[in-house]
Amino acid sequence: MILLSLLAVVLLTLCVAGFTVLSARRKAAASGDADSDSQSFVGGVLNALFTVVLAFYIVFAWQNGDDIDKASQQEANALTDTYWQASIAPAPHSTAIQSLTARYASRVADHEWSALDRGDTDPEVDRLLNSLRSEVLALPVDNEAIKSSREQSLQNIRQIDEGHRKRVDIATDDQNFNIVLLAASFLGAALMIAFPLLIGLSMRPANVAAMVLLTLTLGFTAYMSVELLHPLHGPFAVDPDPFRTALAGFDSASRTGA
């Protein structure tokens, strides 16, 4: 996919360079009859509109990845606290709660993350969370320390649920608004390339080099913009590192007998 995208950018650049050389300058531009002030004004407006639309798209698309990352941090932190809160609970409650927190983190990192990247959900994660809630609710309340741990764990589970729902909603959203902004950015990029060719350019090497550089820059920008539309894969992907870090902590604690 990456090679095909880069090939498309290179071919587009070669076409633009060839068109610039072969078409040379239009007759009106060469004779001096063209209105250069109006052309400069229109070109400036196109450039400004393209920049504004692209900036809005980047902000909104980047925010999706950032929100997923924050929700993941919230989930993982709450999972970790629940794991340690369970350490003061009597067996078999403590073992069950700690096992479920580890299974939840593992399921998210190893299965749900890739499912969300495909636009799917993983019902097993919800089942694990429900089981975890049931185990916490089953903790005895006749001991003040355990009762306090139970209340804190229930608050953690609420945070896990909120973070999970937010993460899933963002990852599976159709992103229609961002797609509209991306399409408008593509249109603006096409106009920025087409406009200089339509008004006429001389075939001086400097003009040809400028058009090649413009096409390469806009082509690369378009490719990176498409990649930004997918928050869970590509160069800007958000990784399930918070859950893997939590799992590493759980594994270390289990080996030391904590």
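Let's start on the surface, where Val52, Phe56, Val59, Phe60 and Phe177 make a nonpolar patch of about 480 Å². A patch here is built from residues with over 30% relative accessible area and no salt bridge, joining nonpolar side chains (Val, Leu, Ile, Met, Phe, Trp, Tyr) within 5 Å and like charges within 9 Å. The areas are Shrake-Rupley values with a 1.4 Å probe, and for residues only the protein chains shown count as cover. Before going on: this is a predicted model, so local features need pLDDT of at least 70 and side-chain atom pairs count only at pLDDT 80 or more, while totals for chains, interfaces and linings use all residues. Residues are numbered from 1 along each chain as its sequence is written, and side-chain values use heavy atoms, with hydrogens and water left out.

Back to the patch. Which helix gives the largest share of it? That is helix H3, residues 36-85, with 4 residues. Helices, for the record, are DSSP runs of H or I with at least four residues, strands are E runs of at least two, and both are numbered from the N terminus.

Now the rings. The structure holds 6 aromatic pairs. Phe56 and Phe60 form one of them, a stacked pair at 6.2 Å centre to centre with 20° between the planes. For us, rings of Phe, Tyr and Trp (its six-membered ring) pair if their centres lie within 6.5 Å; planes under 30 degrees apart are stacked, over 60 edge-to-face, and the rest tilted. Both Phe56 and Phe60 sit in helix H3, 4 residues apart, about one turn of the helix. Phe56 counts as partly exposed because its relative accessible area is 46%, and Phe60 is partly exposed too, at 35%. The cut-offs are under 20% for buried, over 50% for exposed, and partly exposed in between, with a 1.4 Å probe and protein chains only. Ring pairs also bring in Phe177, linking Phe56, Phe60 and Phe177 into a cluster.

For a buried counterpart, look at Phe250, which counts as buried because its relative accessible area is 4%. Tyr83 is buried as well, at 4%. Where does each residue of this next pair sit? Let me show the geometry before the location. Tyr83 and Phe250 form a stacked aromatic pair, 4.3 Å centre to centre and 15° between the planes. Tyr83 lies in helix H3 and Phe250 in helix H9, 167 residues apart, so the pair links distant parts of the chain.

On to the interior. A nonpolar core, in this scheme, is a set of buried Ala, Val, Leu, Ile, Met, Phe, Trp, Tyr and Cys residues joined through side-chain atoms within 4.5 Å. The largest one has 33 residues, and those touching the most other members are Ile68, Leu79, Tyr104, Trp113, Leu132, Leu232 and Phe243. At least two residues each come from H3, helix H4 (93-117), H5, H6 and helix H9 (241-256). Which of them supplies the largest share of this core? H4 does, with 8 residues. Take Ile68: leaving out residues up to four places away in sequence, Ile68 touches Trp113, Arg167, Ile170, Ala171, Pro231, Leu232 and Val238. Apart from this core lies another, of 8 residues, including Ala189, Ile193, Leu197 and Met211.

Val136 is another residue to click on. Val136 belongs to helix H5, residues 123-137, and counts as buried because its relative accessibility is 0%. Beyond its neighbours within four places in sequence, Val136 is in contact (heavy atoms within 4.5 Å) with Ile97, Arg150, Ser153, Leu154 and Ile157. The C-alpha atoms of Val136 and Ala86 are 8.5 Å apart, with their positions 50 residues apart along the chain.

Last, the charges. A salt bridge means a side-chain nitrogen of Lys or Arg within 4 Å of a carboxyl oxygen of Asp or Glu, and the count comes to 9. Still in helix H5, Glu124 and Arg127 meet in a salt bridge at 2.7 Å, N to O. These two are 3 residues apart, about one turn of the helix. Glu124 is partly exposed at 23%, and Arg127 is partly exposed at 40%.

How far apart are the closest N and O atoms of Asp161 and Arg133? They are 3.9 Å apart in this salt bridge. Here distant parts of the chain are linked, with Asp161 in helix H6 (residues 144-172) and Arg133 in helix H5, 28 residues apart. Asp161 counts as buried because its relative accessibility is 17%, whereas Arg133 is partly exposed at 26%.

Asp161 also forms a salt bridge with Arg165, at 3.1 Å, N to O. Both lie in helix H6, 4 residues apart, about one turn of the helix. Arg165 counts as exposed because its relative accessible area is 53%. Elsewhere, salt bridges that share partners join Glu75, Glu112 and Arg167 into one network.
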